[in-house]
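Student: Got a minute to look at a structure with me? I'd like to go through rings, pockets and whatever else turns up.

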Amino acid sequence: MPALLTRPALSRALLARQLLIERARMPVRDAVEHLVGIQAQAPRPPYFALWSRLADFDPQELSLQLEGRGLVRLSTLRGTVHLVSDRDALELRALTQPLHESVVRTNFAKHLGGEDPWQVAEAARELLAERPLTSSELGSRLQERWPHLEARPLWMTARYLLPLVQLPPRGLWGRSGQPVMDTVERWLGRSPTTEPGVETVVLRYLGAFGPASVRDAQTWSGLTRLGEVLERLRPQLRVFRDEAGRELFDLPDAPRPDPELPLPVRFLAEFDNIVLSHADRSRLLDEPARRALASRNGQVPAAFLVDGRVRGIWKADTSRKAATLTLTPFEQLDEEAEQALTEEGERLLEFATDSRPGPYTVTFATRALPGAASAR
C-alpha cells in the first residue's frame with residue numbers, strides 16, 4: 001500500500017515547493033517559470049506573490065521583464081490571465097487552447113447569431129495586425145462587420161480563440177491602464193507550439209504543487225483526461241495516499257519536509273494559485289475558510305498563513321501617508337502568531353509603499369467566519 005502523507009506533511013511539501021518556507025534567491029523570470037505561472041487578473045497581485053517567495057525581491061525586475069518581453073500576461077491555465085515567461089506563454093497557451101475553445105462554445109457562441117466564431121477570431125487577428133487594441137476598441141471594430149451583434153461576445157470570442165497578450169504599461173509596478181491587446185505571435189515574434197508537451201507540464205505541476213491527485217492536476221490546469229497522462233508517467237513517479245485514501249503522485253526527489261517543521265507566517269496574494277490549484281484544498285484550508293475565500297463575484301481575497309494554514313484575509317491601504325494593513329482572522333490567534341503577523345505585515349507595507357517613511361500600522365479586525373471563535 002502507498003505510504004500515507006498527512007495534512008501537515010502535504011502542507012509542508014506544498015509550501016516548500018512554493019518557496020513559502022524559506023524565501024528563494026533566484027531571478028524573477030526563473031521563479032515565475034518554477035511556479036508555472038502566477039494568476040494575474042489584476043496588475044498588483046503577482047508582485048505580492050513574489051515578495052512572499054523571493055529574498056530581496058525588487059518589483060522593478062518584474063516590470064523590466066514585462067517591458068522586455070521575458071514575461072507576458074495572457075489567458076492560459078483555467079482560462080484565466082496568468083503572468084508567465086515568454087517560453088511558457090507559447091507552451092501553456094497551446095496546451096490550454098481546447099479549454100479556451102470550450103469556453104467559447106459554452107458561453108459566447110449562442111450570442112453570435114449563428115456566425116462562425118473562428119471568422120470572428122480571424123477578423124480580430126486582421127484588426128490587431130494594424131495595431132494593438134483595447135477590448136472596447138476591438139469590440140467596436142468587430143461590430144462594424146457584424147453590426148447586429150453586441151460588442152462583448154465579439155471581443156470575448158476573439159480573446160478566447162486567439163492567444164492575446166496584455167501589453168505594458170498594464171501590469172507594471174506603480175503604473176496601470178486598460179488592457180491593450182496584441183497577438184502573442186506579434187508580441188514575441190513566435191507562434192504557440194503545435195505539439196505541446198502535456199507530460200512535461202504535468203511533471204512541472206508536481207514540482208510546484210505536488211504531491212497531487214489526478215483531480216488536483218485537472219483543477220489546476222482546467223484540462224481533462226490527465227489520468228491517462230499520469231498513468232503513462234507512473235513508472236517514473238512515487239505514489240502516496242492521503243488521509244482520505246486518495247492516490248497522490250509525486251516526483252521522486254521533490255522536497256517533502258518533516259511534518260513537524262516550524263513554519264513562518266506568510267502573506268498570499270489575491271488569486272494566489274496555492275489556494276486554487278487542488279481539487280482537495282484541505283492541506284491548506286478548512287471548509288469554512290474555503291467558503292470564506294470563495295466570494296460570489298469571482299474574487300479571491302488575499303490571505304495569510306499561520307502554521308501552514310489559511311487563517312484569515314488581509315487588505316492594505318497605502319493611499320495615505322499612514323499606510324495600514326488590516327488583518328481579519330477566521331478565528332482567535334495566539335499572541336505569538338499576532339506578533340509574527342504584525343512584524344511581517346510591517347515589512348509588507350514597507351514593500352507596498354516603496355519604503356516610503358511610515359508610520360506603518362497593522363490592525364486586527366473582527367473575525368470573518370460566522371460561528372468562529374472571537375478575535376481581537
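Tutor: Sure, and let's begin with a definition: a charge sits over a ring if NZ of Lys or CZ of Arg is within 6 Å of the ring centre and within 35 degrees of the ring normal. Keep in mind that this is a predicted model.

Student: OK, so which residue lies over the face of tryptophan 51?

Tutor: That's arginine 23, at 4.7 Å from the ring centre.

Student: And what sits over the ring of tyrosine 160?

Tutor: The charged end of arginine 159, 4.7 Å from the centre of that ring.

Student: Switching to ring pairs: how many aromatic pairs does a search of the whole structure find?

Tutor: The search turns up 13 aromatic pairs. Take tryptophan 51 and phenylalanine 351: their ring centres are 5.9 Å apart and their planes are at 25°.

Student: Why does that pair count as stacked?

Tutor: Because planes under 30 degrees apart count as stacked, and these two are at 25°.

Student: Where in the chain do the two partners come from?

Tutor: From distant parts: tryptophan 51 is in helix H3, while phenylalanine 351 is in helix H15 (residues 335-352), 300 residues apart.

Student: Are tryptophan 51 and phenylalanine 351 buried or exposed?

Tutor: Both are buried.

Student: What about phenylalanine 209 and tryptophan 220, how are their rings arranged?

Tutor: The ring centres are 6.1 Å apart with the planes at 45°, so this pair is tilted. Phenylalanine 209 belongs to helix H11 (residues 198-209) and tryptophan 220 to helix H12 (residues 214-221), so the pair ties together parts eleven residues apart in sequence.

Student: Buried or exposed, those two?

Tutor: Buried. Phenylalanine 209 has a relative accessible area of 1%, and tryptophan 220 is at 2% relative accessibility. The cut-off for buried is under 20%.

Student: Which residues do ring pairs link into a cluster?

Tutor: The cluster takes in Tyr47, Phe48, Trp51, Phe57, Trp173, Phe267, Phe304, Trp314 and Phe351.

Student: New topic, pockets. What's the volume of the largest pocket?

Tutor: About 360 Å³. It is lined by 15 residues, and the closest to its centre are Glu270, Ala302, Trp314, Lys315 and Ala316.

Student: Which element gives the most to that lining of the largest pocket?

Tutor: Strand S12, with four residues. Helix H3 (45-51), strand S12 (309-317) and strand S13 (323-329) each supply at least two.

Student: And how does the lining of the largest pocket divide by residue type?

Tutor: Nine nonpolar, three polar and three charged.

Student: How about the second largest pocket, what volume does it have?

Tutor: About 250 Å³. Of the 14 residues lining the second largest pocket, the closest to its centre are Val81, Trp155, Arg159, Gln166 and Pro179. Strand S3 (71-75), helix H9 (151-161) and strand S6 (164-166) give two or more residues to that lining, and H9 gives the most, with three.

Student: What's the split by type in the lining of the second largest pocket?

Tutor: Seven nonpolar, four polar and three charged.

Student: Last one: where is threonine 134 found?

Tutor: In strand S5 (residues 133-134). Threonine 134 has a relative accessible area of 9% and is buried.

Student: And which residues is threonine 134 in contact with?

Tutor: Leaving aside neighbours within four places in sequence, threonine 134 is in contact with Gln178, Pro179, Val180 and Met181.

Notes:
Residues are numbered from 1 along each chain as its sequence is written. This is a predicted model: local features need pLDDT of at least 70, side-chain atom pairs count only at pLDDT 80 or more; totals for chains, interfaces and linings use all residues. Side-chain values use heavy atoms; hydrogens and water are left out. Buried means under 20% relative accessible area, exposed over 50%, partly exposed in between (1.4 Å probe, protein chains only). Contact means heavy atoms within 4.5 Å. On a 1 Å grid over the protein atoms alone, a cavity is a set of points where a 1.4 Å probe fits but cannot get out, and a pocket is an open set with protein on both sides within 12 Å along at least five of seven lines; lining residues have an atom within 4 Å of a point. Grid points are joined across faces, edges and corners, and a volume is the space filled by probe spheres set on the points. Ala, Val, Leu, Ile, Met, Phe, Trp, Tyr, Cys and Pro count as nonpolar, Asp, Glu, Lys and Arg as charged, and the others, Gly among them, as polar. Rings of Phe, Tyr and Trp (its six-membered ring) pair if their centres lie within 6.5 Å; planes under 30 degrees apart count as stacked, over 60 as edge-to-face and the rest as tilted.
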